[in-house]
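Colleague: I would like a close look at a single part of this protein, explained slowly enough for someone in a first year of study. Please take one spot, say what surrounds it, and then work outwards until the picture connects.

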Amino acid sequence: MLSTGDVQGCLRKLETLLRLIKYPGHVDYDGLSKGDPSAFLPIVSFTLNSFSPLFAEELMASGLELTGKTDLRFTDALYKVALRDIFHYKPVLTKQQFLQWGFSQRKISVLCDIINLVMQKHSQLKKVLMVPSGYQYVERLQGSPAATIKLRDINNPQNRDMYVEPLPAGLPGFSEGCVSGGGRGDVDVQRIPDNGSRNVYLNHGLVE
């Protein structure tokens, strides 16, 4: 039988991860400690659907829709697609056990693993898109070139958002470096190397 200290130690690890992903919802620590599935599922849903827009887009591209489902269908999709196919991760609990009361420490461990896996995937996707330090990915723009995305200045969220799209390598007149803002209409256009595969630049300045 697990001791209260074991469960509390797991909860402390989870609490640290929830701060890292900036989980905005209420955390039912009593429910988590008792293995109440209704305490776990909202955190799993936020981690997969809201924490990383980049990862959420990848889920949708794979045909996985996790919103608007019953607990059973959500957990089924979580186990079959998100964990098995995308992360190649086998939880220590079956989906039936995850939806039962109890197994609190194992459930918390699985939840921590899911958060860590999504954070790692988020970092990988950011590197692929070369999202500069200090900027947050917002979305891929509809009706625009496939690689055109929208970024937001993390340190100044009141700034209007900015377009980012591919720039041909070797184009003269552009310097490598970080993205820098222009204060008003346009921004300084600078090439950002992406491991020699492609570059991105801020186009058309700020988005209204």
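Modeller: A82 has its place in helix α5, which covers residues 71-86. This is a predicted model, and in it A82 counts as buried, because its relative accessibility is 0%, where buried means under 20%. Leaving aside residues up to four places away in sequence, A82 touches L64, A77 and F87. L59 is another residue to look at from here, for A82 and L59 are 23 residues apart in sequence, while their C-alpha atoms are 7.6 Å apart in space.

L59 leads us to helix α4, residues 53-61, whose buried residues are L54, F55, A56 and L59. Just after α4, the chain reaches G63, which takes a positive phi of about 85°. Three of the buried residues just named, F55, A56 and L59, return in the list of what L48 touches, again not counting residues up to four places away in sequence; that list also holds L66, F74, L78, I114 and V118.

What is the standing of L48 in the interior? The largest nonpolar core has 44 residues, and L48 and I115 are those with the most contacts inside it. The elements that give two or more residues to this core are α1 (4-20), α3, α4, α5 and α7, so the helix that holds A82 is one of the contributors. Helix α7 gives the most, with ten residues. In soluble globular proteins, nonpolar side chains tend to be buried together.

L48 is also among the buried residues of α3, together with P37, A39, F40, L41, I43, V44, F46 and T47. Helix α3 runs over residues 37-49, and its 13 residues reach 18 Å from the first C-alpha to the last, which is close to the 18 Å expected at 1.5 Å a residue.

Within α3, F40 deserves a longer stop, and a word on rings helps here. A pair of aromatic rings is described by the distance of the centres and the angle of the planes. A search of the whole structure finds four aromatic pairs. In one of them, the rings of F40 and F98 have their centres 6.0 Å apart and their planes at 65°, and the pair is edge-to-face because planes over 60 degrees apart are counted that way. Since F40 lies in helix α3 and F98 in helix α6 (residues 95-98), this pair ties together parts that are 58 residues apart in sequence. F40 and F98 are both buried, and with Y79 they form one aromatic cluster. F98 has a charged companion as well, for the charged end of K107 sits over the ring of F98, 6.0 Å from its centre.

From F40 we can also step across to S104, which has its place in helix α7, residues 104-129. S104 and F40 are 64 residues apart in sequence, and their C-alpha atoms are 9.9 Å apart in space. The residues that S104 touches, not counting those up to four places away in sequence, are V7, L32, S33, K34, G35 and F40. S104 is buried because its relative accessible area is 11%, which falls under the 20% limit.

For contrast, consider two residues in loops. K22 lies in the loop between α1 and α2 (29-34), and H88 is found in the loop between α5 and α6. K22 has a phi near 55°, a positive value in a residue other than glycine, and phi of H88 is likewise near 55°. K22 counts as exposed because its relative accessible area is 67%, and H88 counts as exposed because its relative accessibility is 67%, where exposed means over 50%.

Finally, the whole chain gives these details a frame. The protein chain has seven helices and five strands, and from the N terminus on they run α-α-α-α-α-α-α-β-β-β-β-β. Of its 208 residues, 43% count as buried, A82 being one of the buried residues. Among contacts with a separation of 6 or more, residues 24 or more positions apart account for 51%. The accessible surface of the chain comes to about 11,700 Å², and 52% of that surface belongs to carbon and sulfur atoms.

Key: Residues numbered from 1 in each chain as written. Predicted model: local features only at pLDDT ≥ 70, side-chain atom pairs only at ≥ 80, totals over all residues. Heavy atoms only, no water. Helix = DSSP H or I, 4+ residues; strand = E, 2+ residues; numbered from the N terminus. Buried < 20%, exposed > 50% of the residue type's maximum accessible area, 1.4 Å probe, protein only. Contact = heavy atoms within 4.5 Å. Areas by Shrake-Rupley, 256 points an atom, 1.4 Å probe, with all protein chains shown as cover. Expected span 1.5 Å × (residues − 1). Phe/Tyr/Trp six-rings, centres within 6.5 Å; stacked < 30°, edge-to-face > 60°. Lys NZ or Arg CZ within 6 Å of the ring centre and 35° of its normal. Core = buried A, V, L, I, M, F, W, Y, C linked by side-chain atoms within 4.5 Å.
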